[in-house]
Amino acid sequence: MGAKSYQFSHAVCRIPASSITDGLRFEDTGTPDHAVFLEHHKAYVEVLRSTGAKVTVLDALEAYPDSVFVEDAALCLQEGVIQMRPGAPSRLGEAAEIAGELSAIYGTIHQLEGAGCIEGGDILVTETEILAGLSSRTDSAGIAALDKIVSAWGYRVRELQTPDGVLHFKTDCSLLDEETILSTRRLSASGCFKGYRVLHVAEGEEAAANSIRFNDLVILPDGFPKTTDMLVQAGYDVRLIGNTEAAKVDGGMSCLSLRFTPNP
Ligand code: CIR
């Protein structure tokens with residue numbers, strides 16, 4: 001395996017529950033259409049699989065409307081998996097639900113000490129460090145508890161600020177390769193990516209910032225032509241996935257999977 005921050009042997013996803021219609025959202029832009037979401041999700045899983053990764057698709061959890069957004073429930077690193085503690089009370093149970101699946105893969109799952117909150121959507125793992133954004137879902141105590149576990153594995157954690165009105169840190173950025181971050185201007189303006197090469201999403205296409213590098217592919221939500229062109233011109237192998245329904249509940253490409261290489 002090459003770069004551990006984007007070369008992965010595994011992914012875990014979860015089928016969207018029909019209760020996604022009750023999913024959390026900042027503002028009401030319409031109710032997600034479950035059938036359309038299922039189609040988008042299927043296409044997403046197929047693209048992950050096309051890279052050769054083993055992709056496990058878990059059953060829908062109707063009791064948890066946002067459970068399709070598995071990324072928030074755990075942080076998967078090569079050295080181990082850590083159960084997150086979501087700051088959204090309605091999402092707390094999801095972390096416990098997925099813990100069983102992940103500990104079966106990893107052999108064990110690490111628990112955060114204390115009472116802090118942290119969601120996977122606020123954590124960007126790069127080749128050299130872990131960036132963790134404070135947000136309405138993630139607090140300093142949660143980041144400190146994460147730091148305690150991963151520092152023993154040699155990771156440096158940097159606490160940053162998610163812009164006001166933005167759900168998660170990674171709502172506004174993604175990793176493209178060892179040295180490159182795709183970001184909105186409102187996030188990178190804080191200087192938090194100093195030392196990285198930063199490519200900006202086009203103005204008005206802020207929602208394209210929640211993308212993923214997965215093996216050789218960059219997976220981008222459909223509907224952002226300027227950002228797509230920019231990434232193709234920059235040499236990335238881009239795949240587009242419909243995201244209209246997830247977007248109605250503030251979800252994007254990163255939220256829909258946990259990506260990892262356990263015990264390489
Ligand atoms: C929530 O508000 O928690 C969900 N409706 C969306 C979660 C998106 N997850 C992510 O960005 N990692």
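Start by selecting Gly142, Ile143, Ala145, Leu146, Ile149 and Val150: these are the buried residues of helix H3. Keep in mind along the way that the model on your screen is predicted.

**Stop 1: helix H3**

Turn the view until you look down the axis of H3. The buried residues fall within an arc of 160°, so they line one face of the helix. Now show the whole of H3, residues 140-151. Its 12 residues reach 16 Å from the first C-alpha to the last, close to the 16 Å expected at 1.5 Å a residue. What covers the buried residues of H3? Add strands S3 (74-76), S4 (81-83), S5 (123-125), S6 (130-134) and S7 (157-161), which are included in that cover.

**Stop 2: Ala132, in one of those strands**

Select Ala132, which sits in strand S6. Is Ala132 buried or exposed? With a relative accessible area of 0%, Ala132 is buried. Set aside the neighbours within four places in sequence, and Ala132 is in contact with Asp122, Ile143, Val157, Arg158, Glu159 and Leu160. You have already met Ile143 among the buried residues of H3. For a distance to draw, try Ala132 to Glu119: they are 13 residues apart in sequence and 9.5 Å apart in space, C-alpha to C-alpha.

**Stop 3: Ile109, in a loop**

Next, go to the loop between helix H2 (92-106) and S5, where you will find Ile109. At 16% relative accessibility, Ile109 counts as buried, because the cut-off is under 20%. Leaving aside neighbours within four places in sequence, its contacts are Val81, Ile82, Gln83, Ala99, Leu102 and Ser103. You can also draw a line from Ile109 to Ala74: 35 residues separate them in sequence, and 9.3 Å in space, C-alpha to C-alpha.

**Stop 4: the ligand**

Bring up the ligand and the 13 residues that surround it. The closest are Leu24, Asp66, Asp72, Val249 and Cys255. Which distances are worth drawing here? Begin with Asp66, where an N or O atom in the side chain is 2.8 Å from a nitrogen atom of the ligand. Then take Asp72, whose side chain has an N or O atom 2.8 Å from a ligand nitrogen. Finish with Glu71, where a polar side-chain atom lies 2.9 Å from a nitrogen atom of the ligand.

**Stop 5: salt bridges**

Stay with Glu71 and add Arg259. Side chains of opposite charge can pair when their charged atoms come close. The side chains of Arg259 and Glu71 meet in a salt bridge, 3.0 Å from N to O. This pair links distant parts of the chain, 188 residues apart: Arg259 is in strand S14 (residues 258-260), while Glu71 is in the loop between strand S2 (54-58) and S3. Both Arg259 and Glu71 are buried.

How many salt bridges does the model have? The count comes to 13. Another one joins Glu94 and Arg91, with their closest N and O atoms 2.8 Å apart. Both Glu94 and Arg91 are buried.

For one more, select Lys248 and Glu245, whose side chains meet in a salt bridge of 2.7 Å, N to O. The two lie in helix H6 (residues 244-248), 3 residues apart, about one turn of the helix. Before leaving this topic, select Glu71, Lys170 and Arg259 together: salt bridges that share partners join them into one network.

**Stop 6: helix H5, face by face**

Move to helix H5 (residues 225-233) and pick out Thr227, Thr228 and Leu231, which are buried. Viewed down the axis of H5, its buried residues fall within an arc of 100°, so they line one face of the helix. On the other side of H5, Pro225, Lys226 and Gln233 are exposed. The buried residues pack against strands S9 (180-183), S10 (197-200), S12 (217-221) and S13 (237-241). Just after H5, look for Gly235, which takes a positive phi of about 100°.

**Stop 7: two more positive phi angles**

Asn215 is a residue other than glycine with a positive phi, near 55°. Look for Asn215 in the loop between strand S11 (212-214) and S12. Asn215 is buried, with a relative accessible area of 6%.

The tour ends at Asp250, in the loop between H6 and S14. Asp250 has a positive phi of about 60° although it is not a glycine. With a relative accessible area of 27%, Asp250 is partly exposed.

Key. Residues are numbered from 1 along each chain as its sequence is written. This is a predicted model: local features need pLDDT of at least 70, side-chain atom pairs count only at pLDDT 80 or more; totals for chains, interfaces and linings use all residues. Side-chain values use heavy atoms; hydrogens and water are left out. Helices (H or I, at least four residues) and strands (E, at least two) are DSSP runs, numbered from the N terminus. The expected span of a helix is 1.5 Å times one less than its number of residues. Buried means under 20% relative accessible area, exposed over 50%, partly exposed in between (1.4 Å probe, protein chains only). The arc is that of the directions from the helix axis to the C-beta atoms. Contact means heavy atoms within 4.5 Å. A salt bridge is a side-chain nitrogen of Lys or Arg within 4 Å of a carboxyl oxygen of Asp or Glu. A residue is near a molecule or strand if one of its heavy atoms lies within 4 Å of it. A polar contact is a pair of N or O atoms within 3.5 Å; within protein, one must be able to donate a hydrogen and the other to accept it, and residues adjacent in sequence count only if both atoms are side-chain atoms.
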